[in-house]
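Here are a few exercises to work through with the structure open beside you. Try each task before reading its solution.

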Amino acid sequence: MRKVFRLAVAFLREHPARVALTSLATTAATCLVIWIASGYDSLLQTFDYWASKALGHYQLSIGPIATEGNPAVPREVLEAMRSDPSVASAEPVWMSRVTVRPRSDAGPGRAADSAEGRLRGLGGPPERRSEYTLLAFDSAVPPFDLEGKWLTAGQGHNEAALTRAAAERLQVRLGDTVTVTAKERPTDLIVTGLLDAPSLGAGTYAVPQIRTPGAGDLFVSTATAERIFGSPPEISFVGVAVKSETDLTKFRFGWGPRLSRYDTPVQFQEAFEIEEALDESASADNVRIQSYATTGIAMLVAMLVIFGTVSMGVTERIRQFAVLRALVLTRTQLSLLIFTEAMLLALTGFLGGLLLSGLLLGVVGRVAARLLHHGTTIGPYSLGLAAIATFGGAFLAAIVPAWRATRARPVDAMAPGQAPVASRLPIRTILLGIALILVNPLVTFVFPPRFDQQVYLAMAVGFVSMSIGFVLIAPAVVALVDRFGGPGLARLFRIDPKLLGSQITSHVWRTAAAALSMAVGLGLFIGVQVWGFTMLDGFLVGPWAPDAVLAFQSGGLPLSKVPEIARLPGVDPEHCLPIVVEQPRLLDDVTGSAERASVIRQDNVVLVGIDPRKAFGGDRPLFEVEWADGDPRQAIDEMVAGRGCLVPDHFLTETKLAIGDSFDLVPPEAPTSPVRYRIAGALRLPGWHWQTKLTGFRSRTHRAAALVFANYGTVADDFSLPAATHLWLDYSDQHADSQAITAAAKAIYAEALPPEARENDGPKIRLMAVEDIRQMTRNNATRWIWGVSLLPLVSTAIAGLGVLNIILASIRSRRWELGLLRSIGIGQSSIVRAILAEGFLIGLVAVLLSLGFGLLAGWCGCGMAQYISFFGGLHPALHVPWRVVGGALLGVLVLSTLAAVWPALSIGRLRPLTLLQQGRVTF
């Protein structure tokens, strides 16, 4: 083993530049993995912190749908939750508002005769006599991290725990006493614990609408609360913790329809704080998946770069290996020698990547200390993935060169060296590659998978088969580029075509490896761009939407005021319609959200009441929509009659409903009286998601299954909406002043408000232009797509080092030939241009491979998105951003050509005699 190791080190020392370039590329690939994986470690810890900001140690909270009258949760809900085998614990919580003030007798260490104590004796400053939210429950563990002692359940101890925010406001600490007053009954409690809970309104007078542990300021046991209020306990909400193996999304959406059927209908609390906490956990999962993808990409890059280096060494030393076989080494030792070389290259790259990553993460940890609360570290997870990428890639890269080296016979050492000739194309391999490429579109579109684990299997089989297929056809692409691209490129570079003849096909697999190393990143970049912008088309607001929406946030606009706004300068009076908007739940889970929630598989809809004739009928309707199903005239008549409605076309696809079918909606303020609507037509409404989100249509939760249109009067009566919540309008000309319209509408709206509303808050009005929504959507999506695209671009840049290595090896093996060419009169400039053209040809191979892979991957990725992605199911048409894709392709051609500049200039400076001498002594 020592002999093999010393030989491997000696062989690597022969080519320090080659080793340095390979190590640099492997270092960059390792650093890439550690960067993403360590980011996952840090973000996961940060997300764990923020995910607890509203829910504490619970995953969900159940509260009543209606908000008026402060209804309680039925005890049957608690019993049903506790009987579910997926639930680890379900705790009833009693929430109410109380007055809290510090006692005049300060706790230990507080001077009673101090200025602060004297203030407390007088009742305390006004800012410390405000109302606080009291939560009473008998959980054995605190909902948040605790300093001090938690409450004693089931006993009448005078104990209380405060959030740190409430304690700071009251200026109390552990051991102090506070006086809690409810129904004019004061009760003294000792502060035994301080909770690291979020501040969701401590000390404010408004009753929190968020029924979660995060809404509490003061925590007591249920027995203590009964003594404070002098009444039996109620269940304001139920905190639910599920078992670790439970799919939280399926649990939520599976229980959703059942919860709405109790005497007092309840729901999972979907305040934004809870939804965002759950989304952050999903974001952490996305980063984890990205770290796995990065590991795969880095492994491919490391494998291809190291393969090129080791393969060059085997080709150049094949006669040396034959001598070693004859004198000293067995086949096993020779194979071990090749693997040792590859592992040494991987080791240098791994150590270099570890050092560079540590420096970079240290800088990021200091710069983003406020975001990454737990710092940035290189943990076992990061090291493991980096080691897999680096050493796994090196192992795979050494397999073929080791096999070639062991085929060297001792007699080969006596054979004269032969100039490399163009390799014969493996026709069967190429045909197999084409067949494997076709697997992905077949399993995606011809034999689509189901919504279960079959999706992941189909996706894995499709994309792995396609990747292998493009690797197998790479030699054919090299031959095609050499055959058809070489002559044209020779004319472009003004050199003799014979100088380029068979240069990239003389070592076809080595050339293919260099091109594939660049095609890995470029192909993924194109795939991400195609997939991203195709998916974006489904969320970009289409031409159907009017120019702007006016939202009235203080009770609605009386219909009598609508004509005044319609006559404002800049507003089209014929295209200014009042609407009422509500976001009710579906009585039945017709979308299948319990099976698999997605952006359109939700348990609620956005319902818009509007004048159907002016909105969809006549010669100049407000909405220029495309009808996907149904007769427009008949649909409008059904809407006018009362119960007809229009839905997006995807709603019919997901629910399996048809024109003429009905569905029931649950009014939030009247949950025991569901209302029924009949589907009269289906529309194509691309971008309705962002249209409803940014205009405030989603008032109950930030997800919805569809945008549904119905008759204004019907919706207003069903959901008790006496005034218009919004105005949907078009501008009279393209130069309309939106700010002037908003100001004038605000003045009109103020006249309709009662005096107390004008004095307290004033009229709240907001105008949202559709073009602003489109621009915000484009900007946000483009930032996200480019953020994901950076990783493939970085890997492409790293692969440029592999191309440089390939060109250096190609030149080194042809020094004798180049010396002869210089001796017979071929000029230095022609040699330099020929080498640059060779780099360009390798880049052209990479361009063709990556373009084919990227387009097919993006197309199939969009097809799979409807089964696996939360944002899938809209079936948009394929969109290729040719400007971006073309720029990336051109960049790779420039990169591969630049990679040839150093080798071309270095060989061009040598004299013919030097080249001939170096070529003759090369063994």
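**Exercise 1.** Leaving aside neighbours within four places in sequence, find which residues Ala716 is in contact with, and decide whether Ala716 is buried or exposed.

*Solution.* Keep in mind that this is a predicted model.
- Once the neighbours within four places in sequence are set aside, Ala716 is in contact with Val580 and Leu721.
- Next, place the residue: Ala716 belongs to helix H20 (residues 712–718).
- Then look at the backbone. The C-alpha atoms of Ala716 and Val581 are separated by 8.6 Å, with their positions 135 residues apart along the chain.
- Lastly, the relative accessible area of Ala716 is 10%. Buried means under 20%, so Ala716 is buried.

**Exercise 2.** Count the aromatic pairs, then classify the pair of Phe251 and Phe268 as stacked, tilted or edge-to-face.

*Solution.*
- The count comes to 19 aromatic pairs.
- For Phe251 and Phe268, the ring centres are 6.1 Å apart and the planes stand at 50 degrees, so this pair is tilted.
- Phe251 lies in helix H7 (residues 248–259) and Phe268 in strand S10 (residues 266–268), so the pair ties together parts that are 17 residues apart in sequence.
- Both Phe251 and Phe268 are buried.

**Exercise 3.** Do the same for Phe697 and Trp728, and name the cluster that ring pairs build around them.

*Solution.*
- The centres of these two rings, Phe697 and Trp728, are 5.5 Å apart, and their planes are at 85 degrees, so the pair is edge-to-face.
- Phe697 is in the loop between helix H19 (688–694) and strand S19 (707–711), while Trp728 is in strand S20 (residues 726–731); the pair links distant parts of the chain, 31 residues apart.
- Phe697 and Trp728 are both buried.
- Ring pairs link Phe697 and Trp728 with Trp544, Phe616, Phe623 and Phe709 into a cluster.

**Exercise 4.** Describe how helices H3 and H7 pack, and list the residues that meet there.

*Solution.*
- Two packed helices are described by the angle between their axes and the distance between the axes.
- Helix H3 (residues 75–83) packs with H7 at an angle of about 150 degrees, and their axes are 13 Å apart.
- The crossing of H3 past H7 is right-handed.
- From H3 come Val77, Ala80 and Met81; they meet Phe251, Trp255 and Leu259 in H7.
- The residues of this contact divide into six nonpolar, no polar and no charged.

**Exercise 5.** Which rings have the charged ends of Arg258 and Arg643 sitting over them?

*Solution.*
- Arg258 has its charged end over the ring of Trp255, 3.7 Å from the centre.
- Arg643 has its charged end over the ring of Tyr677, 4.7 Å from the centre.

How values were computed. Residues numbered from 1 in each chain as written. Predicted model: local features only at pLDDT ≥ 70, side-chain atom pairs only at ≥ 80, totals over all residues. Heavy atoms only, no water. Phe/Tyr/Trp six-rings, centres within 6.5 Å; stacked < 30°, edge-to-face > 60°. Helix = DSSP H or I, 4+ residues; strand = E, 2+ residues; numbered from the N terminus. Buried < 20%, exposed > 50% of the residue type's maximum accessible area, 1.4 Å probe, protein only. Lys NZ or Arg CZ within 6 Å of the ring centre and 35° of its normal. Axes fitted to C-alpha atoms, helices over the stretch in contact; angles between N-to-C directions. Left-handed = near helix turned anticlockwise from the far one by under 90°. Contact = heavy atoms within 4.5 Å. Nonpolar A, V, L, I, M, F, W, Y, C, P; charged D, E, K, R; others polar.
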